[in-house]
Each structure stands twice: as C-alpha cells, then as structure tokens.
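Here's a quick briefing to read with the structure open in your viewer. It goes topic by topic, starting with charged side chains and ending with a single helix position.

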Amino acid sequence: MNDLLWLLPGLPAAAGAALLPMRGRAVPAVAVSVAVVTLLLAMYAAATRPATRPISSVGGLRAALAVDGLAAVMAVTTAAVALAVLVYAAGQIRASRGRFFGLMLVFTAAMLATVTATDLLVLLMAWEVMGACSYALIAFDWRDGGRVRAGGVAFLTTRAADLGLYVAAGCALAGTGSLTVAGLAAAPRPWLDLVAGGIVLAALGKSAQLPFAFWLSRAMAGPTPVSALLHSATMVAAGAYLLLRVQPLLAATAWAALLVAWAGALTALLLGAVALAQADLKQLLAASTSAQIGFAVLAAGLPALAGGAAHLVAHAAVKSLLFLCAGVWLAALGTQDLRELRGAGRLHRPLGVAFALGAAALGGLPPLSLWVTKDAVLAAAGSPALYIVCLGAVLVAAGYAARIVLVVWLPPDHGGTVRAGVLELLPLPPLTVVAVAFGLVGLWYGEWARLVGAGPGEPPPTFPGLALTGVLAAVAAARVVRHGPDAALGLPGFAGWLGLERAALTLAWRPMTALAGALARFDDRVVGGAVRAVPRLGTALAHWTRARAEPALDAAVHTLATTARRLGTLARRPQTGQVHTYLAQAAVCLIIIAALALVVWG
C-alpha cells in the first residue's frame, strides 16, 4: 500500500468535501459506501502495516503517515464506528443531508489522519480540521442560537487547549530541528518539558479531562449521530490516543507522566459523580464519556499502553451503542429527561436489551468488555492512592450505569410507542457483540500487548484485581437497584458539572471578552478615528485651498501673464524694419558692453 495510505484519510475527506453542497436521497448511500471502502482500507492497512514516503512541506519539514500496532487498532475502530453511525444517520437525518454527511466524513478523515500521523505537522492539520468539524456538527442546526452558542463554547474551549500543540511543535523544532513524534523524547531540556507540557494541555482539552470537561456537556446540543461519533471513536478519543502515542516523552519528563495519571484518575472519579447526578440522559452519557476516557488517560501516565488501547476500543463500541439506542428513544418520545424515559426499554424490547447490555459494560460489570479493560489499566497502578481513587471511579461508574438501566426497564408511567427503522437498528447488533465480548481480549492479553506495541514490563489483568473490580461494580449496581434510580440525585454541585463552566466564564471568558471589547472600542475610536480623520483633513485642505490659496495663485499667474505680455509689447517696438535703426541699436549695445568691460577690468 505505502503511498496509497494517503487514501485512508484522503478518500473520506475528498468525498465529504464533495458531498457538502449536494442534496437528494443519494447522499446517505454515497456516504455509507465511502465509509465501507474506508473500513476496508483501514483493515488492509492494519494487516500490512504500511508507511508512506516522507514528502517535503513548508520549510523543508517532512510529512508522512504510518500504521503500527496502536494506529492499526485505532484506525479500524474509528472507521468501523463511523460506518455504524452513518448507517444509523441514514435512517434518521432528513434535513441538510449533504452538509451533515459531508461533515461527518471529513470529521472521520481528520481522526484517521491523527492516528496515522508520524509528525506534528500532519497531526496539527488533522487536529484543527477535527475541531472545526466538531463546531460545525454541534451547531448543525444553525438557526437555533442556543446550539450555535453551545458549539462556540465547545470550539473555544478546545481551541484554547489546542494552542499547547503549537507550543509543542515550536519547541520541538527548536530542540530537535524535527517534528517527528518518535523523536520528541530526545529533545534536550528545557525544550523537552515545554513539548511535553504543550502536548498534555492539548490532549486534556481534546479529551474533555479536568479542567476542560465542561465543553462535552455543551456538545450534547448536536444531533445524536454526532454525539455517538464524537464521544466514542473520535475527538475525545484523540487526546487519549495522543498521550498513549507519546508515552516515551511523558516518561522522559517524569512529572508529565504523573500529572497525566492523576488527571485521568480524578476525571474518572469526579466526572463519574457528575454523571451520577444528572437527570438528563444525554448529559449523563456525556459525563460518563469524560470519566471513561479518564481511564485511558490514566493508562498513558502509568504507563499501560495495552490496557489504554483496549479501553479505547471497548469504550468506542459501548458509547456509540448507548448513544444510538438513546437517539431512537429521544426521537420517538421527544424527551431526554430520565424521569420521562421511565420504561422506555419496555416499549421496544430489542432496543432495551441492547441498551442494558451496553450500560452494564459501561459500569464494568463482569464478564463484559470494560470490566477487563479497566483492570488492565489498574494493574499497572503502582501508587496505592492512585489505585484507591480508581476503585472509587469503578464504583461510581457502576452506579450511573445501573441507574440508567433501572430507569429504562422500570414499568412505564405513561403510554407510548417506540418505532425504529431498519437502518437505525442495523448497527446495534455488531456494536452490542463488541461491547459484550471484547473482554475476551484478557484471555490473549500477551498477544494483544504485542499487537499494540506495549513494553514487556506491562502487567496483564490479574484474577484478584478482576474479582475486586467486579465485586465493587456489582455492589454499587445492587445498591442503586435497591434504593431506586433517584436516590443518587442528592450530590450538591455535581449536577452542574462541578461549576467548571461558570469558573471558566468568570476567570477566562468574561475578562477575555471585556479585553476584546476594550480593544474594539480602542480600534473604533482611536485607530478608526485616525483613519476617518485622514479624508476629513484632506477635504478641509481642499476647501481652504479653493477659498484662499487658489485666488492668490490665480492672481500670481495673471500678473505673470500680464507682465510677460507688456514686456513682449515693449520688445516689439524696436522692431521697425529700418536698417539705420538696427545699426543705431547695435552701436548702443557695443557702447554699453565697452563701458561694462572698463568697469569690470579697468
């Protein structure tokens, strides 16, 4: 494949761009067909592990793509989830199909470029495209001001964190003269620390980790297929993937690895508590995304590459399954409120069963997928304090997962029907199979670790650890079932996402907008005033010139012309045409010349 590897992100990017202005029923079919081909390309790349030849770019920098074990796993996961979501969207999205499916394909292409990039140049371009597409998709219904503001909050929050990647790229050039990801750990200090800090900042922002988690709440304003893709295999997974990719860099600085590990662990615990306090289904799933990605971020800091990669794959299947199931209910019942969704699983039992299995996997209940992947991460936690925090996160995850299962399977308080089309149901069985059965990776964990390129010292899941996490998850789930789904709502401060958005508005947004307003007024009044004064000054000068200077100038020209005319008249008088007159004039001139000569030389 080699240079054909550029087709992996290039095909969905080109097809997406071509679909943007299109309309008609053929758009979803074209988008799904492109997604199928993209998945086949990803599978072929995963099997052959190609690498493109570096190409020269700006400033002589080299850009290339390559597929190793970790990139292969994430490329196939991204392409597969994108296909499932696009099939679902083909049955649900009716308006602006060209714009929607085009943006979704470009969004997928940006993630594929991110996972296969070997240098920060390609990574930066893909990172930026992903952020722009996320804004456009969250604010897809651009006539709704609330959705547009939500997209703006998400975009500006991640955009502020993305500046770290520019800092990292600049410092990498200064320290190593290259942007190759594999060479970042070789940068000398202080460039090493600056590169690590920039990448950590960008990754935590993209993956909605503390303190940036609140933007994921606003992202729920987008259509359900957008949430399903953004929360599972793209965008939020990109930051965790990048941290897993640069594990040698984090280890070389020491402090960066510790910071990343604690950021992931605290996000898993605190955002899990936020999820437990939500009364809105999509908000609960959003908070749980931050919490679950926290385990993958923790894996990057430990390090636990194999466990983190396995967790990303399992979470992608689980979260896309949950969002797609929830989307059917939200469209049929017209509400996201958990109290009004009571008994929704009974109204369409296959859908309810798929959702229950996905939620059980999300809660880490044995023997489902995330039960194994969480313990694979925890097995590498050497710090007792870190381990205890993560066990708390396991408990909380089981609590919010049990809560949503209990809500949707309780006897309904109201009537109603839930109907789903074939296209909406088609992706659910394969996603359910992966959500349930991917935990079998624990049986072949050594092979999995070698596949993703993990180090030989990374510990596998252990039976005591699996037993402990499984028991804790079961106990937490049983407690929620016993006390009812509403017993978990009394968590002060957590329902509002820890006040993170209010803090960001107070500490960053309002001062920034105040400064921007002051600069705008300075621009309007001072800079703009100076610009506007220039034509006014020119006009005033023209008026003065016409009133004062022009008459004087006309008079001077008139006087000069009159004087020249009179001199000409005088000069004509000696011209009589008589020879003796000319002889007399010549004699006079000679006398004058002689007199002057006597005066000068005499």
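Glu447 is partly exposed, with a relative accessible area of 45%, and its salt-bridge partner is Arg450. Keep in mind throughout that this is a predicted model. Salt bridges come to nine in total, while the disulfide count is zero.

**Salt bridges**

- Glu447 and Arg450 pair up with an N to O distance of 3.5 Å.
- Both residues sit in helix H21 (residues 445-452), and because they are three residues apart there, about one helical turn separates them.
- On the Arg450 side, the relative accessibility is 61%, so this residue counts as exposed.
- Arg339 and Asp337 make another salt bridge, also listed at 3.5 Å from N to O.
- In that pair, Arg339 is partly exposed at 47% relative accessibility, and Asp337 is partly exposed too, at 22%.
- Arg147 reaches Asp141 with the closest N and O atoms 3.9 Å apart, which means the pair still falls within the 4 Å cut-off.
- Arg147 has a relative accessible area of 30%, which makes it partly exposed; Asp141, at 36%, is partly exposed as well.
- That pair isn't on its own: Asp141, Asp144 and Arg147 are linked in a salt-bridge network.

**Cysteines**

- No disulfides turn up in the model.
- Cys171 is buried, with a relative accessible area of 8%.
- Cys589, on the other hand, is partly exposed at 43% relative accessibility.

**The largest nonpolar core**

- This core holds 192 residues, and the members touching the most other members are Ile199, Trp215, Leu243 and Trp448.
- Helix H14 (residues 305-333) supplies the largest share of the core, with 18 residues.
- If you want to click through one of those well-connected members, try Trp215: setting aside neighbours within four places in sequence, its contacts include Ala154, Thr157 and Thr158.
- The Trp215 contact list also takes in Gly205, Lys206 and Ala208, along with Leu230, Met235 and Val236.

**Helices H10 and H13**

- The usual way to describe two packed helices is by the angle between their axes and the distance between the axes.
- For helix H10 (residues 236-245) and helix H13 (residues 281-301), the axes come within 8 Å and cross at roughly 10°.
- Angles under 35 degrees count as roughly parallel, so H10 and H13 are described as roughly parallel to each other.
- On the H10 side, the residues at the meeting point are Val236, Ala237, Ala240, Leu243 and Leu244.
- Across from them, H13 brings Thr289, Ile293, Ala296, Val297, Ala299 and Ala300.
- Two names here should ring a bell: Leu243 is listed among the core residues touching the most other members, and Val236 is in contact with Trp215.

**Val87 and its surroundings**

- Val87 lies in helix H3 (residues 69-92).
- It's a buried residue, with a relative accessible area of 12%.
- How far apart are Val87 and Val32 in sequence and in space? They are 55 residues apart along the chain, and their C-alpha atoms are 6.3 Å apart.
- Leaving out neighbours within four places in sequence, Val87 is in contact with Val32, Leu423, Leu426 and Pro427.

Methods
Residues numbered from 1 in each chain as written. Predicted model: local features only at pLDDT ≥ 70, side-chain atom pairs only at ≥ 80, totals over all residues. Heavy atoms only, no water. Salt bridge = Lys/Arg side-chain N within 4 Å of Asp/Glu carboxyl O. Buried < 20%, exposed > 50% of the residue type's maximum accessible area, 1.4 Å probe, protein only. Helix = DSSP H or I, 4+ residues; strand = E, 2+ residues; numbered from the N terminus. Disulfide = S-S within 2.5 Å. Core = buried A, V, L, I, M, F, W, Y, C linked by side-chain atoms within 4.5 Å. Contact = heavy atoms within 4.5 Å. Axes fitted to C-alpha atoms, helices over the stretch in contact; angles between N-to-C directions. Parallel < 35°, antiparallel > 145°, perpendicular 65-115°, else oblique.
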